[in-house]
Each structure stands twice: as C-alpha cells, then as structure tokens.
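Here are some notes from a pass through the model, in numbered points. Have the viewer open while you read.

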Amino acid sequence: MKHHGQLGLLLLLAFLATASISASLSEEQMLEQARCEVLVKFRDTNAALDEASLLPASLNAKIVSAGPALPAYAGNFPSREFEKVRCYRFVDGHSAREALRFFQQSPQVSWAETRFIRHTCGPKLSNEARPVDHIDGPPNDPFYPLQWSLKRVQAEAGWDLSQGNSDVIIAICDLGTDFTHPDLAPQQWVNSEELAGLTGIDDDENGFVDDLYGYDWVDLDGDPSPENGDSHGTHVGGIAGAARNNNIGISGMAGNCRLMGVRCGAGITVPYGFEGIFYAAESGAKVVNCSWSGTGFSNYESEIITYARNLGVIVVAAAGNESETVSHYPASYEGVVSVAATDIADFAADFTNYGPCVDISAPGVDIFSTLPQNHYGYASGTSMACPLVAGAVALVWSRWPELSGAQIASRLIASADPIDIRNGALAEQLGLGRLNVYRALADTLPGIRLERLAWQEVAGDMDGRVEPGERALLTASVWNDLSPAQDVTGFMEFATSHARLLRETSPYGDLPTGGPYANISPLFEFEILTDAQNGLVIPVALEWTDATGRLLARTTCNLQPDSQTATLANGALALGVGENGCFGFYDYIQHDQVGTGLQEVDEPSNYLWHGSLLVGVHRIVSDNCFGNTDATRFDFLALPESTAWIGSSTRADLEAHASYRDSGSSSPLFIEIRTNILAFCSVQANHLFILEFTAVNRGVNAYDEAYLGLFLDWDIPNWTMNTGGFDMTGDLAYACSMLPGFSWGGIASITHPFSAFSLLRNEPDLYSSDWNDARKWEILTGGIVPIQDSAATDISEIVAVGPFPLEPAVPMTIAMAVLVAEDSLALRSLASQARDLYSPPTAPPTFEEPQNLSMMRVALFPNPVAPGVPLQVLLPAGEGGTVRFYNILGQQMGPSIPIAAIAGNRPSALSWFPAASGSIFYQIETSKGLHSGQLVILK
C-alpha cells in the first residue's frame with residue numbers, strides 16, 4: 001500500500017467557510033481569524049456528518065462556521081482525500097485550542113491542527129517614487145543598470161538562450177500583486193475562459209467565480225491586488241517576471257513568461273499561502289513562488305506540496321530571514337527548492353537562514369524592483385532571492401518543456417556557482433552554490449540525487465543490525481536525471497558523536513543517465529561507538545564530484561543501521577521481521593520504509609507492505625495493524641533487552657526470532673508472544689517461510705475463548721491491481737495481481753485449520769473509523785467470508801485460528817506459512833510441503849517467569865502519544881508509584897510524578913510529560929519493582 005504516509009497521499013490545506021469572510025480584511029482581522037481556525041482531516045468523508053458529536057455542547061456553541069477546507073471545490077474535488085478536510089472557526093483562539101484536543105482524541109480523525117501562520121521573508125517596503133528616465137544599456141529598460149543581481153547570475157547571457165515562453169506561468173503566492181503597474185500589466189496571466197464568459201458565473205467550472213487574473217484567498221474574490229499599501233508581492237512579482245525591453249522600469253528574470261496573481265495574506269502575515277499553492281497548481285502554474293516562511297511542520301501543508309509536485313509543479317520557497325539553521329516551511333518540505341540569500345560579493349546575507357534544507361542561494365540584498373502605483377524601490381531578504389530562482393526555473397522550463405519538474409530543479413541546482421570558499425563557517429550550508437542562469441541554460445549537467453542507503457555488517461554478531469561496538473560498509477545508491485558524469489566520487493560526513501566514519505570517500509566511476517547506481521569498492525565504512533543507544537539515528541551529509549573536481553550534488557539524510565528489523569533471506573525469498581512482531585517494511589512510528597518486505601530475490605518489488613499478528617479475547621484485540629493510512633497503532637512492543645535476530649536452527653536452515661507483548665495497548669490482554677520464522681534453502685522449499693507463534697497469558701485470569709490471526713497488506717505489483725480469496729481445499733488464503741508475470745502470495749494453515757478469513761479492500765475498509773477493535777473481533781470470529789467481488793484494488797487479508805483456551809502461564813503454539821508461487825495450484829502444493837516440513841519444538845517453549853508478575857500489569861498509554869492527548873498510567877490495583885522520564889543521555893526530564901494508589905483497575909492521568917517530539921524513556925516505580933520502557937511522542 002504505497003500511499004501510506006508517502007508522497008502519494010494527498011493531504012489538504014484547509015480553508016475557512018466562504019460565508020464568514022468579510023471583504024478587505026485588515027492584517028489584524030485576518031490574523032485573528034486565522035488563529036481561531038482548526039483544520040481537521042477525517043478518516044472517512046461520512047464522519048463529517050457526525051461532527052457535532054465530537055465536541056461537547058459548550059464548544060459546539062462557540063463554532064462560528066464549519067465547512068469544507070476548500071469550499072470552492074465542494075462537490076468537485078480533484079481527489080477523494082480533499083473531501084475529508086474541514087475547517088472550523090471558533091469565536092476565539094482559546095476555544096479553538098480547546099476543541100483541537102477533542103478532535104485529536106477522536107477515532108474518526110486522522111489529524112487535527114490549528115492553522116500555521118507564515119510571514120513574508122522581506123522587510124516592509126516603502127513606496128518610494130522613482131523617475132522613469134531612459135538609461136542606455138542592454139536591455140533597454142531604464143533601471144536595468146540598478147539590477148546588479150541579474151548581472152551577478154549571468155542573466156543577460158542566459159537570455160541569449162531562453163527568452164521565456166508565455167505558456168510557462170509563474171504563480172506569485174504573496175500579499176497581492178499590482179498588475180496596474182506598467183511593468184507588470186503585460187505579464188499578467190489571464191484566465192481566458194472566464195474572460196470570455198459572463199460576469200458572476202463560474203465559466204470554467206473550477207469552483208471560483210470570475211477569477212480572471214488569479215484569486216484572493218483573504219477576501220475570496222477574483223482580484224489578487226494588494227490591500228492597505230502592501231507592496232511585498234508587487235516587488236517579488238517584478239523580480240520574477242517584469243516586462244523586459246519595453247523601455248519602462250526594470251527587467252524581470254523571466255520577462256516573456258506570465259505571472260499569476262494569488263493573494264494569500266496581508267501586512268507581513270501569510271495564513272493562506274498553501275491554499276494559494278493549491279489554486280495555482282490546479283490552474284496551470286508551472287512554478288510557484290513562496291517568499292514567506294515559518295517554523296513548524298504541518299500535515300496539511302505537506303500534503304498540498306505533495307499534491308502540487310504530483311502535478312509536476314515546482315515550488316520555490318524562501319529559506320527565511322532569522323540567521324538560523326532551524327527548519328522553516330514551506331522551504332523544508334520534501335521537493336521544494338529552498339533559497340538562501342547572498343550579497344553582491346557572494347557572501348551569505350547577514351539575515352539569511354542556512355543549513356541542510358537549503359538547495360541554492362541567490363542575490364537578496366538591495367534588490368531593485370517594482371512597487372505599487374507605478375513606483376520602484378529597493379528591498380532585501382530571502383523574499384527577493386526566491387523570485388530570481390523562480391524566474392530562472394521558468395526560463396529553463398521554456399527551453400526544455402519536455403523535462404519533468406524534478407529534472408528542471410536538478411538542472412538549476414547543479415549549475416550553481418560554488419561559493420563555499422567565501423563563506424567560512426557557513427560553507428556547505430548555502431546549498432550547492434549561487435544561482436547561475438547561463439550555466440543552467442547552457443551547460444551539459446548531470447543531475448545526481450540520492451536513491452537509498454544500505455549497509456552491510458562486517459564486524460559484530462553479523463545479525464544484519466549495526467549495534468554499538470559494531471562495524472559496517474555503506475552503499476549510497478544514486479540516480480542521474482540528466483547528462484552522463486565521468487569519474488564520480490562520493491564524500492560522506494556524520495553529524496553525531498556516537499558513530500565514526502572509518503572511510504569517508506567512495507568511487508562511483510562513470511554514471512550514465514538513469515540509475516540507480518551504487519558506489520563501488522572501497523565502500524564507505526563506519527562503526528557505532530560503544531556509548532551509543534540501540535536504534536541510533538545518524539544525520540548524514542553526502543556530496544558528489546566529477547573528474548574535474550566539480551561539485552555535482554549535495555544532500556542530507558538520516559541513517560538508522562540498527563533498525564530493529566531483521567531480514568530473513570534463504571536465497572530465493574527475503575522477509576522483514578520486526579522486534580515488535582510486525583512484518584513487511586513500513587514503520588508507522590518513523591513513517592519510513594525499513595526492512596525488505598516480502599521479496600523474491602530476482603524481483604525488485606516488495607510483495608508485502610505491512611503485516612501483524614492479532615490476538616483477540618472477549619472483544620478486545622491486541623495488534624500492530626494500523627487503523628487507516630495515518631493512524632499509529634502499536635499494541636505489541638518488543639520485550640526489554642529483546643532484539644530480532646537471525647541464526648541457525650535445529651528444525652530448518654535458518655531461523656528468525658522476536659519476542660514482544662501487548663504492553664502498548666490501552667486495554668492490554670497481558671499477552672506475551674514469541675515468534676519463530678523458519679526458512680529453508682533447498683530449491684523445493686525456498687519459496688515459503690513458516691511462522692510459529694507461541695502465546696502465553698501473563699495475566700491472572702484464564703481466557704476460555706482466544707483467537708490468533710495474521711494480517712497481511714499485500715502489494716503484489718501493481719498494488720492497485722490486486723485481488724485475492726480463500727482456497728478451501730488447500731486451507732489457504734491467496735493474493736495475486738491482475739497484471740501478468742507476477743507470482744502469487746499466500747498464507748496457509750500448519751498446526752490448526754483456519755477458522756476465519758476476510759479479504760479487505762484498503763479503501764474503504766481500512767480508511768474508516770469503523771476499522772477498530774470491534775471490526776477486527778468480528779473478522780477473527782466471523783468464519784470464512786466468501787468473496788463477493790473480485791475486482792482489482794489495493795487489498796489486505798486476515799486469517800485466524802480459534803477459539804482456544806489460554807490459561808495463565810500455559811504456552812499455546814500456532815504455526816502458519818507464508819508462500820510465494822506462480823499460481824493457485826502451485827500455492828496449494830507449496831502449502832502441503834510446508835506442513836510436511838514443519839516439526840514442532842521437541843519440548844514446549846519455556847518462558848522465564850517475570851520476577852514480579854504484578855509489574856506485567858503496568859501500562860503507560862497511549863504510546864505513541866500525540867500533543868494534546870492525555871498520557872495515562874495503569875498500576876496494579878491498590879498499588880501507588882512514581883513515574884519518571886529520561887532523555888537519550890539518561891538525564892531525568894521534568895519532575896518525578898507520584899501516582900496515588902487506586903482501589904480498582906483504573907488508569908491515572910499524568911500531570912506532566914515532555915512535549916517535544918521524538919523518543920524518550922520512562923520508568924515506573926512501585927513497591928513491587930521497576931517497569932521501564934520507551935515512549936514515542938509524535939509531532
């Protein structure tokens with residue numbers, strides 16, 4: 001299911017309800033309005049119908065308006081995902097923040113957040129009048145000699161190669177643009193369908209009435225002109241695309257391209273910039289200029305960026321003016337071209353932000369451009385550097401319209417002039433260099449980008465995980481989007497004191513266009529120091545140069561060589577096994593791909609996205625199945641000091657092992673699981689894995705009717721073309737692709753016949769508030785459900801065994817097999833082989849008795865926890881205790897929190913826990929002993 005948390009999912013930027021917005025809002029009114037808004041994405045479109053039930057009556061009474069996030073698209077959304085986002089405006093900010101907490105705790109909600117406020121990245125501009133006198137020089141615009149920045153980036157030489165094309169549209173998402181200015185009027189984009197239509201009618205049926213020249217997201221009309229003397233957007237627009245060679249004023253970078261006006265704020269405040277990006281992308285803009293920024297990651301904004309990129313749009317954003325390296329947005333969202341500012345001597349401007357997120361620099365000091373009412377003036381800021389780059393993108397796209405957005409961005413960044421030598425402490429913090437328009441249009445350039453990092457343990461216990469005290473080789477595979485490169489070398493740096501690079505350079509040889517290409521021997525080599533924590537995440541910086549020493553690319557990423565996922569491979573198949581009992585390769589906490597899924601060695605595609613064990617008792621289900629694409633659900637957590645490992649076996653050729661319990665559940669069953677996966681290397685049996693689950697009840701109550709199931713989210717190529725069913729004769733579930741040429745996947749019973757089967761269509765079955773314990777219990781106990789519809793889609797399957805008794809401390813073992821074969825008959829034959837190959841342990845598995853059984857009934861939940869969600873602790877009845885939190889260095893965070901004894905088995909809310917996102921550690925102390933674990937705090 002490739003769309004889980006990936007760049008393919010379309011989150012929406014929410015927006016206010018139309019009826020509640022007044023015309024010509026002042027900056028103060030607009031800001032106050034934005035602070036009262038909460039954006040909510042529901043798991044299902046129908047959930048919004050019950051929205052009143054999510055809030056207490058006191059907060060419902062304080063709702064000023066509620067409606068679709070993008071009201072103009074209501075009933076005609078480009079994607080179903082857009083229907084799920086709504087915007088609520090409350091009477092005041094306090095009520096909005098209070099409502100946010102309720103929304104975040106609702107199982108019907110994927111995410112909820114208050115609106116992020118962004119600000120322009122340039123000073124408040126003056127409307128200083130300038131006389132329009134002719135000054136000789138190329139081009140003939142009289143103020144061209146004042147535009148030092150164009151000369152610095154070799155724009156004049158670039159114009160000999162590309163004058164720009166009127167089909168390439170640059171959207172100026174800003175405070176409004178004055179298109180009555182004579183230097184901008186000829187450049188204005190015109191919506192031809194609306195211009196030729198009727199006033200008051202949505203002639204092009206895009207949801208916006210009379211958007212002849214763009215749109216105003218503040219006043220919700222088709223006039224993107226600035227209000228209240230705002231001049232920022234007019235200055236930015238002139239830099240990007242003022243008319244050139246018209247004997248008036250200045251020259252814009254892309255003077256033959258068109259400028260789309262999109263007003264998104266007022267003063268210095270930009271609350272609706274992402275609505276502007278969405279409108280621009282939908283309206284045909286190829287480049288979107290965002291000369292504004294702010295801190296804080298937003299789900300809403302990230303998904304708008306993803307949506308625009310999927311349409312092929314390049315978003316160019318200012319890095320910000322705070323002289324810091326903190327991530328600012330939208331510049332730090334993946335795929336956005338982030339721009340820092342330099343001065344006339346290529347030194348970093350004293351105000352510019354810098355750091356790993358910056359892709360390129362451009363002049364941003366004393367930039368001369370247009371101002372409202374036919375005026376001109378100077379301004380400084382990354383706001384001014386940004387449209388220089390946006391205009392350059394438009395010129396490159398005008399010359400090579402057949403290139404993709406990613407290729408255009410690669411060409412622009414790769415052609416930058418190196419400026420590290422001038423910038424001392426900020427070297428490598430200003431992108432690949434300063435913009436050079438001529439080189440972007442003229443040079444033969446490679447476009448190197450990182451594909452993935454992979455490591456191979458060479459010194460240690462050889463379990464495939466690089467743990468403290470161990471050493472590994474590192475492969476950094478790349479793609480080359482543009483021209484071939486000769487004799488490429490890679491350079492690597494680690495930004496941590498807990499790991500050390502033993503070899504910092506590695507050759508790649510010649511890289512033709514295409515990829516992926518891996519570095520060759522000698523590989524990068526590193527070691528994890530003994531003082532590191534397990535699961536260390538290492539910030540990595542990479543650079544590549546060619547035979548001439550020219551810098552080709554620079555990037556940063558994170559490396560987690562101790563991934564808590566082991567890979568079991570038998571020469572034909574590989575399977576990713578998580579310490580917490582998960583299978584596949586998607587990590588729902590880190591929102592990242594780890595492991596190898598289920599993969600045929602000679603087939604690069606993964607057949608399995610995510611898998612999990614399910615254990616159900618009395619309508620309560622413990623599992624690590626997600627609730628939908630955004631939910632984080634980890635009931636099973638690895639046992640302390642337990643790691644997933646792979647070794648030899650007395651019953652097979654290889655064996656993987658993981659041990660875990662449902663200590664992450666808000667309603668724990670106190671079930672502990674030991675999983676053994678058996679692999680065989682013979683040709684006859686190397687397309688199956690036997691999964692052996694031994695469950696033990698660590699509680700004090702006997703369970704008379706327990707169920708054990710296995711969930712697998714299949715991704716047989718193409719994952720949108722999968723179907724499946726149940727083979728009663730073979731007692732196995734199967735999944736296959738409707739496309740020819742791909743193997744089939746299956747799950748077969750071994751020790752117990754299957755009592756239940758269900759095929760799930762990931763949309764809508766998993767994308768709904770109905771995907772909960774009640775639904776999972778219904779499947780575990782519902783028998784073999786016949787397939788009603790075999791149409792191809794994205795699918796998951798659940799098989800189950802039960803009911804069976806689960807007495808305290810008495811292990812129960814159930815085995816199944818995961819199969820890959822060419823068709824259904826071959827799966828049935830392979831299932832029979834798996835049953836013949838399986839031999840149970842010679843003695844029942846032994847579980848060490850916990851030193852203090854009562855501590856098994858200690859729970860901290862929910863885990864992971866999101867901001868605003870209460871964190872609670874469950875202690876044995878009548879037992880009090882103390883909770884403490886620790887950072888990764890072992891230092892206590894905040895106060896020790898006493899928990900009073902409670903007579904019943906009821907949880908207590910904690911009065912304090914850390915607010916910052918990331919992983920921390922906790923310790924719960926009672927008179928019976930200590931209970932320790934890891935807490936994940938989500939953004």
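1. Start with one pairing in the sheet: N289 has V316 in β12 as its bridge partner. The two strands involved, β10 (residues 287-290) and β12 (residues 314-318), run parallel and share four bridges. Strands here are DSSP runs of E with at least two residues, helices are H or I runs of at least four residues, and both are numbered from the N terminus. Two strands count as paired if DSSP finds at least two bridges between them.

2. Before going on, some housekeeping. This is a predicted model, where local features need pLDDT of at least 70 and side-chain atom pairs count only at pLDDT 80 or more, while totals for chains, interfaces and linings use all residues. Numbering starts from 1 along each chain as its sequence is written, and side-chain values use heavy atoms, with hydrogens and water left out.

3. Now the whole sheet. It is open, has seven strands paired in parallel, and reads β7-β8-β6-β10-β12-β13-β14. At the edges sit β7 (214-216) and β14 (360-363), each pairing on one side only. Neighbouring strands are turned by 25° against each other on average, direction ignored.

4. Two helices to look at on this sheet. Helix α8 (residues 273-282) touches β6 (169-174), β7, β8 (258-263), β10 and β12, and its direction makes about 145° with that of β8. Helix α11 (residues 405-414) packs on β12, β13 (337-342) and β14, at about 40° to the direction of β12. Contact here means heavy atoms within 4.5 Å; axes are lines fitted to C-alpha atoms (for helices, over the stretch in contact), with angles from 0 to 180 degrees between N-to-C directions.

5. Is E282, in helix α8, buried or exposed? Neither: E282 is partly exposed at 32% relative accessibility. The cut-offs are under 20% relative accessible area for buried and over 50% for exposed, with partly exposed in between (1.4 Å probe, protein chains only). E282 and L311 are 29 residues apart in sequence, with 8.3 Å between their C-alpha atoms.

6. Next, helix α7 (residues 232-241), where ten of ten residues are buried. The axes of α7 and helix α10 (residues 382-399) come within 8 Å and cross at roughly 35°. The crossing is right-handed, that is, the near helix is turned clockwise from the far one by less than a right angle (anticlockwise would be left-handed).

7. What meets what there? H232, H235, V236, I239 and A240 of α7 face S383, M384, P387, L388 and G391 of α10 in the contact. That contact divides into six nonpolar, four polar and no charged residues. Ala, Val, Leu, Ile, Met, Phe, Trp, Tyr, Cys and Pro are nonpolar, Asp, Glu, Lys and Arg charged, and the others, including Gly, polar.

8. Strand β4 (residues 109-114) is largely enclosed by the rest of the structure, because five of its six residues are buried. Strand β1 (residues 37-42) runs antiparallel to β4, joined by five bridges; V40 is partnered with A112.

9. Finally, the backbone oddities. Cis peptide bonds join Y329 to P330, with omega about 15°, and G515 to P516, with omega about 0°. P330 is in the loop between β12 and β13, whereas P516 lies in strand β22 (residues 514-517). D366, not a glycine, has a positive phi of about 55° and is partly exposed at 44%.
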